[in-house]
Amino acid sequence: MQALTYFLSRLHVSFIHFLRIAIFIVMAWIGGLKAFPYEADGIVPFVSNSPFMSFFYQNADRTATDSSGKNVAEYMLYKNPEGKVVQKNIDWHQENGTYLFSYGLGLVIFGIGTLVLLGIWYPKVGMIGGLLTFGMSIVTLSFLISTPEVYVPNLGGDFPTPHHGFPYLSGAGRLVLKDIIMMAGGLIVASQAAQCLIKKKTEKTNSHIA
């Protein structure tokens, strides 16, 4: 056990670099997927209900009537299930600005991930990337408050489940909640980068004194 303890302690910096690589992989992969319609469609409920981002959509505040006569958010009528393509839904998303916003968001996410990765070699850049990761996670976690779809809906049926609403997370909600790990990771890599910057500044000062 003692040998393992010393071994892990010596790899502290390497593990933080691995955390940077992991954050980059997640950011680059998810950011890249934002260029594809199915992913752009999937984020519509989050963006439409977000107080930070809903203004990017033209139809964010519109309501419509579904087949049962119930008033619903308009985007619910134009969902393309993953793996299925319906042209009228695509047309609605193009008019709504869904895809254009998704392209921009993907670039931002990819860019933040790149800044985090560059922190391996450039601490100042990495510190900025870590702080941006933290900030992005705050926005993402706010979906737990603003987006109804993150909780299990009460769909009724012969045996309606009592397990709906808060705190029963849906698949989308469980995905969002994981971003609290990204939030912590962003702070860790930013903190380690700040330590590197302070260390370099101290060494530079000491060399001038000597």
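Which side chain does the side chain of Arg20 meet in a polar contact of 3.0 Å? The partner is His17. The notes below start from there; the model is a predicted one.

1. **Arg20 and its surroundings.** Arg20 sits in helix 2, which covers residues 12-33. Its relative accessible area is 0%, so Arg20 is buried. Besides the 3.0 Å contact with the His17 side chain, the Arg20 side chain reaches the backbone oxygen of Val189 at 3.1 Å. Not counting residues up to four places away in sequence, Arg20 touches Val116, Gly119, Ile120, Val189, Gln192 and Ala193. Val152 is elsewhere: Arg20 and Val152 are 132 residues apart in sequence and 33 Å apart in space, C-alpha to C-alpha.

2. **Helix 2 against helix 10.** Arg20 is also part of a helix pair. Helix 2 packs with helix 10 (residues 179-209) at an angle of about 130°, and their axes are 10 Å apart. The two helices are therefore oblique to each other. Their crossing is left-handed. From helix 2 come Val13, Ile16, Leu19, Arg20, Ile23, Val26 and Met27. They meet Met182, Gly185, Gly186, Ile188, Val189, Gln192 and Ala193 in helix 10. Val189 thus appears in this list and also supplies the backbone oxygen that the Arg20 side chain reaches.

3. **Lys34, in the loop after helix 2.** Lys34 lies in the loop between helix 2 and helix 3 (37-42). Is Lys34 buried or exposed? Lys34 counts as buried, because its relative accessibility is 5% and the cut-off is under 20%. Its side chain joins that of Glu39 in a polar contact of 2.7 Å. Leaving aside neighbours within four places in sequence, Lys34 is in contact with Glu39, Ile43, Ser102, Tyr103, Leu105, Gly106 and Ile109.

4. **Helix 6 against helix 7.** Here is a second helix pair. Helix 6 spans residues 98-118, and its axis comes within 7 Å of the axis of helix 7. The axes cross at roughly 140°. Helix 6 and helix 7 are therefore oblique to each other. The crossing is left-handed. Helix 6 makes the contact through Ile109, Ile112, Leu115, Val116 and Leu118. Helix 7 makes it through Val125, Gly126, Ile128, Gly129, Gly130, Leu132, Thr133 and Met136. Val116 of helix 6 also touches Arg20.

5. **The largest nonpolar core.** This core holds 17 residues. Which of them touch the most other members? They are Tyr57 and Val176. Two elements give two or more residues to the core: helix 4 (44-49) and helix 8 (143-146). Helix 4 gives the most, with three residues. Apart from this core lies another, of nine residues. Met27, Ile109, Ile112 and Met182 are among them. Met27 and Met182 also take part in the meeting of helix 2 and helix 10, while Ile109 and Ile112 belong to the contact of helix 6 with helix 7.

6. **Val176 and Thr140.** Leaving aside neighbours within four places in sequence, Val176 is in contact with Phe46, Thr140, Leu141, Phe143, Leu144 and Val150. Thr140 belongs to helix 7, residues 123-141. Thr140 is buried, because its relative accessible area is 16% and the cut-off is under 20%. By the same sequence exclusion, Thr140 is in contact with Val176 and Asp179. With Asp179 the link is side chain to side chain, a polar contact of 3.4 Å.

7. **Ser146, in helix 8.** Ser146 is found in helix 8. At a relative accessible area of 18%, Ser146 is buried. Not counting residues up to four places away in sequence, Ser146 touches Asn49, Ser50 and Pro51. Ser146 and Phe46 are 100 residues apart in sequence and 7.8 Å apart in space, C-alpha to C-alpha. Phe46 is also one of the contacts of Val176.

8. **A cis peptide bond.** Where is the cis bond that has an omega of about 5°? It joins Phe166 and Pro167. Pro167 lies in the loop between helix 8 and helix 9 (171-177). Most peptide bonds are trans.

Definitions and conventions. Residues numbered from 1 in each chain as written. Predicted model: local features only at pLDDT ≥ 70, side-chain atom pairs only at ≥ 80, totals over all residues. Heavy atoms only, no water. Core = buried A, V, L, I, M, F, W, Y, C linked by side-chain atoms within 4.5 Å. Buried < 20%, exposed > 50% of the residue type's maximum accessible area, 1.4 Å probe, protein only. Helix = DSSP H or I, 4+ residues; strand = E, 2+ residues; numbered from the N terminus. Contact = heavy atoms within 4.5 Å. Polar contact = N/O pair within 3.5 Å; in protein donor to acceptor, adjacent residues only side chain to side chain. Axes fitted to C-alpha atoms, helices over the stretch in contact; angles between N-to-C directions. Parallel < 35°, antiparallel > 145°, perpendicular 65-115°, else oblique. Left-handed = near helix turned anticlockwise from the far one by under 90°.
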